[in-house]
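Biologist: I would like to take a close look at a single part of this structure, and I would be glad of a careful, connected explanation.

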Amino acid sequence: MPDLDRRKFLKMAACLSAAFGVGNLPAPVLAALKKIDGAVPTLVYLQGQSCTGCSISLLQAETPNAVTMITEYSKLSFHADMSATSGKQALALIEKYLSGNAGEYFLAVEGSIPYDMPEACVMGHKPFAEHLLDASKTMVGAVAIGTCATHGGIPAAEGNLTGAVSLKEFYKRKGKSPLIIDIPGCSVHPDWVWKTIVHLVQVGLPELVNGQPKLFFDRKVHELCPLYHDFQQEIFAKKLGEKGCLFKLGCIGPDTNADCSTRWWNGRQSWCIGAKAPCIGCASPIFAAKKDFPFYRIAKKGKE
Amino acid sequence: MKVDIGPITRIEGHLSIQTTVEDNIITEARSVGEMFRGFEVILRGRDPLDAQQITQRICGVCPYAHAIASSYAQENAYNLSVPANGRIMHNLIQGANHLYDYLLHFYQLSALDFVDVTAILKYTGSDSDLVKLRDWVKFEVASGKPFPATPFLPRLSGKYIEDTDLNIGALKHYIESLEIQQKANKASAIFGGKFPHATAIFPGGCTQDPSIDHISSYRSLIREVKEFIHQKYIPDILAVAQGFPEYWEIGKSKGGFMSFGLLPLGPELDSKRLFAPGVLLNGALEKVDFEAIKEDVKYSKYSSPSGLKVREGTLTPAPHKSSAYTWVKAPRYKGQVIEVGPAARIMVDYTQGHNQKIKELVDKFAGVAGIGAENLNSVLGRHLCRAISAVVIADFLLEETERIDTKAPTMADYELPESGEGFGATEASRGALLHYINIKNYKIDRYECVVPTTWNCSPKDDRDQPGALESALIGTRVETPDEQIEANRIVHSFDPCLGCAVH
Ligand code: SF4
Ligand code: SF4
C-alpha cells in the first residue's frame with residue numbers, strides 16, 4: 001500500500017474506532033483525541049504507590065520488545081527505573097513536561113494515589129498528587145497502568161491507612177476528567193500496555209470498554225479457559241495441585257475480564273491456570289478489595 | 001552545604017538521599033524513604049492463604065522471595081511437611097528469580113553509572129540492535145529537544161569508561177541482558193504460573209505438574225542464562241572493576257553483616273541451605289536469632305513504640321512526626337547496624353567455609369582483581385558478590401531439576417488451623433527477608449515483614465547510629481557536590497528497593 005493511502009487508511013480507522021468506542025466522551029477529551037491521531041506519544045512515566053511490578057512486566061515484552069518500544073514507538077521520556085539521570089536534573093526534566101514546556105506528552109501512571117495521606121507518596125519534596133494535578137493541565141491523556149492505578153489495587157484494599165485511590169478516582173475527586181486509558185492487571189501483561197501504545201501511534205485511540213482497551217479486556221478469563229470443558233462436565237479440583245476446573249478452589253476467572261486464557265504470559269510460555277493455580281482476578285476491579293473475600297476456598301480444621 | 005540528591009533513579013521506588021557536603025566530603029547522609037502503603041495493616045483480618053499472594057505485591061522485582069518467605073512462615077504455623085518436589089519447585093522458582101534480578105541490577109540499574117552511552121554515536125558496525133540505538137540517539141540529539149535520548153541521556157557528570165569498544169560492547173550487553181533476564185523469568189514462570197507475581201506458589205509447594213515437558217524447558221532456559229553469566233556478565237564486571245579500581249575501597253558500610261541462608265537442600269525448613277545463614281558481628285560469626293531483632297522508629301514516621309521485637313510489631317503512621325525523616329524503620333540486631341545483601345550473604349558463607357564453590361570463587365576473583373576478602377564490603381564487592389551468587393545458583397538449579405520425581409506430588413495436603421504462629425526466613429536477591437504470621441480464629445491477627453532494604457536504607461536508630469547505606473556514604477569524596485555520581489554509585493551497589501523497605 002503506498003504511503004499516502006496508508007495514512008488515509010489509518011485516519012479512517014481512527015475515526016471508526018472513535019465512532020464505535022468513544023462517541024460519548026466529553027468535548028475536551030475528543031479535542032485531545034484529535035491531537036494524538038497519528039502522533040508518537042512521548043511517555044512521561046511516573047510511579048505512585050506502586051511495587052514496580054508493572055514496569056518490570058513491561059520489560060518482559062517480546063513482540064515488540066522493550067528496546068523497540070522505547071526507541072521507536074513510545075518515546076519514553078522519563079522512567080524512574082530506566083533513566084540515566086537522577087536528582088535535580090530528573091526533576092527538572094519531569095517538571096518541564098508537566099508545566100507544558102516540553103511539548104505534547106502522554107502521562108503513564110503506575111500505582112495508586114494516597115488521597116487521605118498525600119505525604120505517603122512524595123517525589124522531589126512534593127506529593128505525587130500535586131504532580132498529577134500539574135499534569136492534568138498539560139497532558140494529552142493518561143495511561144493508568146496496572147490494577148493499583150486503575151482501581152486502587154492492594155494499597156486501596158479494605159483497612160488501608162492512606163486512603164489510596166485509582167488515577168480516575170483521584171481526578172474525579174479533584175473535579176477533573178482527562179482522557180484516561182485504564183489497563184488493569186496485577187501486574188499488567190506487557191502486551192496490554194505496549195500494544196495499546198502501538199495502537200495510539202499507528203491508528204489512534206483503541207476502542208474502550210469500561211475505559212479499558214476492548215482488544216484485551218472484552219471477554220472473561222473463564223470464557224476461553226482450557227478448563228471450561230471440565231467446568232461444564234463438573235470435573236473440579238478439590239485440592240490444590242489436582243487436575244480439573246479450579247472453580248471450587250476459588251477461581252475468579254468467571255468474574256475477570258482479561259485475555260490470559262488465550263494470550264498466556266511470559267512469552268506465551270505459561271499462565272496461572274496453566275500452572276493449575278486458580279485465577280485470583282488480578283485484572284478485576286474487585287481484586288483483593290475485601291478482607292472477607294479470600295482468594296481461595298480451602299478446607300479449615302473444625303469447619304465444614 | 002546541604003544537597004538532596006533525590007529522587008534517586010534506577011532503583012525500585014521512592015528514595016531521596018539528603019547529604020551534607022564539606023570540602024567535597026559527605027559528612028552526613030540521610031536515607032529518606034518517601035512512599036508508604038501499610039501492607040501489615042491491610043493483611044490483618046484476612047485469610048492466611050491470601051498472604052503469599054498479597055505480600056508478593058510488596059515488590060514486583062522480587063515478588064517470589066516474598067511468596068517463599070510467606071510460604072515458609074505459613075508452613076511453620078501449620079506444621080506442614082512439604083513433599084520433596086514442592087520444596088524443589090520453590091527453589092527453582094526463587095533461584096531463577098535471583099538470576100534475573102542480578103542481571104537487571106547490573107545492566108539496567110547500575111551500568112549507566114560507568115558506561116559512556118555517547119560512545120554509540122561512534123559505532124560503525126552493522127549489528128542491527130546497535131545501529132538502531134545509534135540512529136535513535138543521533139536523531140534525538142539532533143532534534144534540539146531539551147532532553148536528548150532519554151532515558152539514556154541526559155546523565156550525571158563524572159568520569160565514565162573511556163574505551164569506545166568497551167562502551168559499545170557494554171551497550172550491546174545491556175540490550176542482550178534484557179532478553180536473558182526474560183529467559184530467567186520464563187523459567188520461574190514455568191513453575192510459578194507467571195512473572196511478576198506468581199500465582200502457583202503456595203505454602204506446602206507449588207501446583208504445577210512436575211512433568212518432563214516443564215523440566216526440560218526450564219533446563220534449557222537456565223542453561224542459556226548460565227552461559228550469559230559466564231561469557232558476558234562476569235567479564236563486564238571485571239572490566240568495570242579494572243576501570244574503577246578505587247571502588248573496591250569506596251562505599252564500605254560500618255556495622256555487621258547478616259544472611260538468613262538461601263535455598264534449602266531438603267524438604268524440611270531447617271535443612272542445610274546452599275548459602276549458609278549467620279550473623280557477622282565484629283568479625284565473629286553467630287547463629288541468627290530472630291528474637292535479637294528490634295525495630296527502632298525514632299526517625300521514622302510512626303507514632304507506635306520504638307524498639308519492638310518482630311512478633312510484637314505494630315504500625316501507626318505519623319506523617320508529620322517532627323523528628324522523623326523517612327518511612328523506613330530502623331531494624332537493629334542486638335542493637336547493631338547490619339548490612340544485608342549479596343556481600344553479606346557471601347561473607348557469612350565464606351567465613352564459615354560452608355560452600356566450597358563460594359570459597360573458591362571468592363579466592364579466585366579476589367586474586368584476579370588483586371583485593372582481599374575484606375574488600376567485598378565496597379561498591380565493587382557488592383557487584384562481584386552478585387555475580388558469584390549467580391554462578392553458584394545457576395549450577396545448583398540445573399542439578400536441582402534432576403532431583404524432581406515426575407511421579408510424586410508437588411503440594412502438601414492441608415487443612416488450615418484455627419490458630420498458629422510462624423517465622424519464614426530466606427534471602428531475597430537484596431538480602432535477608434523475614435516474614436512473621438500469627439493466626440487467630442482462622443484469620444491473620446498479625447503479620448510482620450522485616451525486609452532487606454529496611455536494614456540497608458534504615459535511618460538512624462534510637463541511639464543515633466546511622467543505617468548501613470548512610471554509614472557507607474559518610475566520608476565519601478564527591479567531585480560535583482551538586483550531582484554526586486559517586487554517591488549514586490554507592491546507593492546503586494546496595495540495589496535499594498523502597499517498596500520492600502517500607503511496604
Ligand atoms: S479454571 Fe477458572 S476460568 Fe477455567 S473454567 Fe474453571 S472456573 Fe473457569
Ligand atoms: S489468569 Fe487471572 S490472576 Fe492470572 S493474570 Fe490473568 S487475570 Fe490475573
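Between which chains does ligand 2 lie, and which residues are around ligand 2?

Modeller: Please keep in mind that this is a predicted model. In this model, ligand 2 lies between chains A and B. The residues around ligand 2 include, from chain A, Thr256(A), Cys260(A), Trp265(A), Trp271(A) and Cys272(A), followed further along by Cys279(A), Ile280(A), Gly281(A), Cys282(A) and Ala283(A), while Lys194(B) is the residue that comes from chain B. When the residues of this shell are sorted by character, 8 are nonpolar, 2 are polar and 1 is charged.

Several of the names in this shell are cysteines, including Cys260(A), Cys272(A), Cys279(A) and Cys282(A), which invites a look at how cysteines are paired. Over all chains, the structure holds 0 disulfides. Cys121(A), for instance, is in no disulfide, and the nearest cysteine sulfur, which belongs to Cys148(A), is 11 Å away. Cys121(A) also counts as buried, because its relative accessibility is 1%.

A cysteine of chain B makes a useful companion example. The sulfur of Cys497(B) has its closest cysteine sulfur in Cys500(B), at 3.4 Å, and this is too far for a bond because a disulfide needs the two sulfur atoms to be within 2.5 Å. Cys497(B) is likewise buried, with a relative accessible area of 0%.

Note on methods. Residues are numbered from 1 along each chain as its sequence is written. Chains are lettered from A and ligands numbered from 1 in the order in which they are written. This is a predicted model: local features need pLDDT of at least 70, side-chain atom pairs count only at pLDDT 80 or more; totals for chains, interfaces and linings use all residues. Side-chain values use heavy atoms; hydrogens and water are left out. A residue is near a molecule or strand if one of its heavy atoms lies within 4 Å of it. Ala, Val, Leu, Ile, Met, Phe, Trp, Tyr, Cys and Pro count as nonpolar, Asp, Glu, Lys and Arg as charged, and the others, Gly among them, as polar. Buried means under 20% relative accessible area, exposed over 50%, partly exposed in between (1.4 Å probe, protein chains only).
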